[in-house]
Amino acid sequence: MRMTSPLLLPASLAAALALAASPAMAQSKGDWTVAAGVHQVAPTSNNGTLAGGLKVDVDSDIKPTITGEYFIADNLGIEILAALPFKHDISIKGLGRVGSTKQLPPVVSLQYHFNSRGKVSPFLGAGLNYTTFFSEETGGALAGSRLKLDDSWGLAAHAGLDFAVGEKGALRVDVRWIDIDSDVKLDGAKLGTVRIDPLAYGVAYVFKF
């Protein structure tokens, strides 16, 4: 089941608080920003099939996140995303929950900030993701088996809005799309590929240094 409501209230509060904020947080060459927040990783609704036809569902999870961005030019930055491990339950249609996995999806992006001296600054970015899976567990119909999800490389896109809070801070609402596909093995035998391709969205507070 996809979870969306827990982040709606924080996002609304962030937007409401920032509307009255001033002056703006400009972003110039050589600046650093760090953003601390919370994000939900919500896999696509169609996660593919295993073993020739078993439909797979990968559940969502919410965790704290942190990003660091260095501005290589005015308004143009290189950002790195990190987070606490996300945990996802894995279900198969007709069999229910059959396992779980943890994953870390660090992303490196190049992104451009528009209107960075204004109260509201949109930004767009694109980059590369590496997702590592670990602590796989099995249950239900697969209890006692050994589950393995291979690590994944893929592209990523990022978009959001920064609402200025003084000269050194901003409230951020953002969303990422990440290309994550993982080969699945059970007791060493390949079962197929799971397509996760999540949206990761949430809120954060940005500090400028």
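User: Let's start with a charged pair. Which side chain meets Glu79 in a salt bridge at 3.7 Å, N to O?

Analyst: This is a predicted model, and in it the Glu79 side chain forms a salt bridge at 3.7 Å, N to O. The two partners come from distant parts of the chain, 93 residues apart, with Glu79 in strand 5 and the other in strand 12 (residues 169–178). Both of them are buried. The partner is Arg172.

User: Which residues are linked with Glu79 and Arg172 in a network of salt bridges?

Analyst: That pair belongs to a network of salt bridges. A search of the whole structure finds nine salt bridges. The residues linked with Glu79 and Arg172 are Asp162 and Arg176.

User: How many residues apart are Asp31 and Lys208?

Analyst: These two form a salt bridge, with the closest N and O atoms 3.6 Å apart. Asp31 sits in the loop between helix 1 (8–18) and strand 1 (32–42), while Lys208 is in strand 15 (residues 199–208). So the pair links distant parts of the chain, and the gap is 177 residues.

User: Is Lys208 buried or exposed?

Analyst: Buried means under 20% relative accessible area. Asp31 comes in at 15%, so Asp31 is buried. Lys208 has a relative accessible area of 16%, so Lys208 is also buried.

User: Which residue forms a salt bridge with Asp150?

Analyst: In this pair the closest N and O atoms are 3.6 Å apart. Asp150 lies in the loop between strand 10 (147–149) and strand 11 (152–164), and the partner is in strand 13 (residues 181–186), so the bridge ties together parts that are 35 residues apart in sequence. The partner is partly exposed, with a relative accessible area of 29%. The partner is Lys185.

User: Now for the surface. Which strands each supply at least two residues of the nonpolar patch?

Analyst: The patch covers about 850 Å², and its members include Trp32, Tyr70, Ile72, Phe207 and Phe209. Ile78, Ile80, Val108 and Leu110 are part of it too. The strands that each supply at least two residues are strand 4 (61–73), strand 5 (76–83) and strand 8 (107–113).

User: Is Ile78 buried or partly exposed?

Analyst: Ile78 lies in strand 5 and is one of the patch residues. Its relative accessibility is 37%, and buried would need under 20%. So Ile78 counts as partly exposed.

User: Which residues make up the uncovered face of strand 8?

Analyst: In a regular strand the side chains alternate between the two faces of the sheet. In strand 8, the covered face has Val107, Ser109, Gln111 and His113. The uncovered face is made of Val108, Leu110 and Tyr112.

User: What is the bridge partner of Ile80 in strand 8?

Analyst: Strand 5 and strand 8 pair in the antiparallel sense over six bridges. Ile80 has its bridge partner in strand 8, and both residues belong to the nonpolar patch. The partner is Val108.

User: Which residue takes a positive phi in the hairpin of strand 8 and strand 9?

Analyst: Strand 8 and strand 9 (residues 120–138) pair in the antiparallel sense over seven bridges, and the bridge partner of Tyr112 in strand 9 is Leu124. The hairpin has six residues between the strands. The residue with a positive phi, near 50°, is Asn115.

Key: Residues are numbered from 1 along each chain as its sequence is written. This is a predicted model: local features need pLDDT of at least 70, side-chain atom pairs count only at pLDDT 80 or more; totals for chains, interfaces and linings use all residues. Side-chain values use heavy atoms; hydrogens and water are left out. Patches are made of residues with over 30% relative accessible area and no salt bridge: like charges are joined within 9 Å, nonpolar side chains (Val, Leu, Ile, Met, Phe, Trp, Tyr) within 5 Å. Accessible areas come from the Shrake-Rupley method with a 1.4 Å probe; for residues, only the protein chains shown count as cover. A salt bridge is a side-chain nitrogen of Lys or Arg within 4 Å of a carboxyl oxygen of Asp or Glu. Helices (H or I, at least four residues) and strands (E, at least two) are DSSP runs, numbered from the N terminus. Buried means under 20% relative accessible area, exposed over 50%, partly exposed in between (1.4 Å probe, protein chains only). Two strands pair if DSSP finds at least two bridges between them.
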